[in-house]
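Thank you all for making time this morning. I would like to walk slowly through one chain with you, so please keep the picture in view while I talk.

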Amino acid sequence: IHVARTPQMLPSFIPANETSAVMDSAVAQATGACVTDDAAAAFTACRDALIVMMLYETGMRAAELIGLRDADADDSTGTLRVLGKRNKERDVPVGPGLCRNMRLYRRLRNAVLPDYGSGTDRDRPFFTRVSGEPLYYALVNKIVHLALDGNVNAARRTPHVLRHSFATDMLNNGADLRAVQQLLGHSSLATTQIYTHI
């Protein structure tokens with residue numbers, strides 16, 4: 001007896017024009033954070049915008065973003081050393097715009113948490129809360145949901161949707177399938193090929 005195979009669900013993603021609007025809004029939020037006198041509010045606004053930008057522009061998983069160490073986010077060379085599933089490390093390139101926003105975020109973070117930027121603790125998280133404690137998934141999910149709410153028509157507004165959107169936009173713009181596989185940290189090319197069906 002041949003059992004009928006259930007159809008594979010295609011990943012949810014955001015159309016490119018809607019993603020552009022979200023990224024423009026995030027950039028405006030990050031740069032606008034500098035004009036307020038409230039250092040904690042400026043830091044939070046810049047951090048939230050950078051989280052949305054980084055998730056989309058790198059294709060990182062939310063857990064990878066939360067676990068990103070300060071020492072592994074190099075805005076001078078434009079690379080992020082990401083620790084993925086099964087403790088596999090990969091280097092993800094970032095563009096000059098994201099590097100600028102990373103520097104701005106660090107400057108605002110150091111204004112709120114002066115001791116954070118100094119010291120020898122290389123395992124210190126890159127992203128933090130105003131209290132100096134690390135992020136957690138529900139907070140990242142809330143930040144992404146608020147950024148996408150009202151800007152996109154997608155039913156799902158989660159960090160993973162930004163990852164799917166990154167992969168879809170890369171492939172739609174002619175990126176090599178193997179390059180996208182490496183950027184996403186997929187161990188199997190078949191996993192990345194799902195995005196070619198969107």
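Let me begin with a definition: two strands are said to pair if DSSP finds at least two bridges between them. The elements themselves are DSSP runs numbered from the N terminus, where a helix is a run of H or I of at least four residues and a strand is a run of E of at least two. With that in hand, β1 and strand β2, which covers residues 79–83, pair in the antiparallel sense over two bridges.

Before going further, a word of care: this is a predicted model, in which local features need pLDDT of at least 70 and side-chain atom pairs count only at pLDDT 80 or more, while totals for chains, interfaces and linings use all residues. Residues are numbered from 1 along each chain as its sequence is written, and side-chain values use heavy atoms, with hydrogens and water left out.

Now the overview. The chain holds eight helices and three strands, and along the sequence they follow the pattern α-α-α-β-β-β-α-α-α-α-α. Of its 198 residues, 44% count as buried, where buried means under 20% relative accessible area, exposed means over 50%, and partly exposed lies in between, using a 1.4 Å probe and protein chains only. If we take contact to mean heavy atoms within 4.5 Å, then among contacts between residues at least 6 apart in sequence, 58% join residues at least 24 apart.

Let us return to the sheet. Strands of a sheet pair through backbone hydrogen bonds, either parallel or antiparallel. Here the sheet is open, with three strands in the order β1-β2-β3 and antiparallel pairing. Because β1 (73–74) and β3 (89–93) stand at the edges with a single partner strand each, one side of each is left without a neighbour in the sheet. On the β1 side, Asp-74 has Thr-79 of β2 as its bridge partner, and in the hairpin of β1 and β2, with four residues between the strands, Gly-78 takes a positive phi near 75°. On the other side, five bridges join β2 to β3, again running antiparallel, and Val-82 stands opposite Arg-90 in β3.

What do the side chains along β2 do? In a regular strand the side chains alternate between the two faces of the sheet. In β2, Leu-80 and Val-82 point to one face and are buried, whereas Thr-79, Arg-81 and Leu-83 point to the other and are not.

The hairpin of β2 and β3, which has five residues between the strands, deserves a pause. Most residues other than glycine have a negative phi, and most peptide bonds are trans. Arg-86, however, has a positive phi of about 55° although it is not a glycine, and Asn-87 likewise has a positive phi of about 55° without being a glycine. Arg-86 is found in the loop between β2 and β3, as is Asn-87. Arg-86 counts as exposed because its relative accessibility is 62%, and Asn-87 counts as exposed at 63%.

Is Arg-61 buried or exposed? Arg-61 is found in the loop between α2 (39–58) and α3 (62–67), and at 12% relative accessibility it counts as buried. Its side chain is joined to that of Glu-64 by a polar contact of 2.5 Å; such a contact is a pair of N or O atoms within 3.5 Å, where within protein one must be able to donate a hydrogen and the other to accept it, and residues adjacent in sequence count only if both atoms are side-chain atoms. Leaving aside neighbours within four places in sequence, Arg-61 is in contact with several residues, among them Gly-84, Lys-85 and Arg-90.

Finally, the aromatic rings. Rings of Phe, Tyr and Trp (its six-membered ring) pair if their centres lie within 6.5 Å, and planes under 30 degrees apart count as stacked, over 60 as edge-to-face and the rest as tilted. By this rule there are four aromatic pairs. One of them is the stacked pair of Phe-43 and Tyr-105, at 5.6 Å centre to centre and 25° between the planes. This pair links distant parts of the chain, with Phe-43 in helix α2 and Tyr-105 in helix α4 (residues 96–112), 62 residues apart. Phe-43 and Tyr-105 are both buried. The rings of Phe-126 and Phe-127 have centres 4.8 Å apart and planes at 80°, so that pair is edge-to-face. Phe-126 and Phe-127 are buried as well, and Phe-43, Tyr-105, Phe-126 and Phe-127 form one aromatic cluster.
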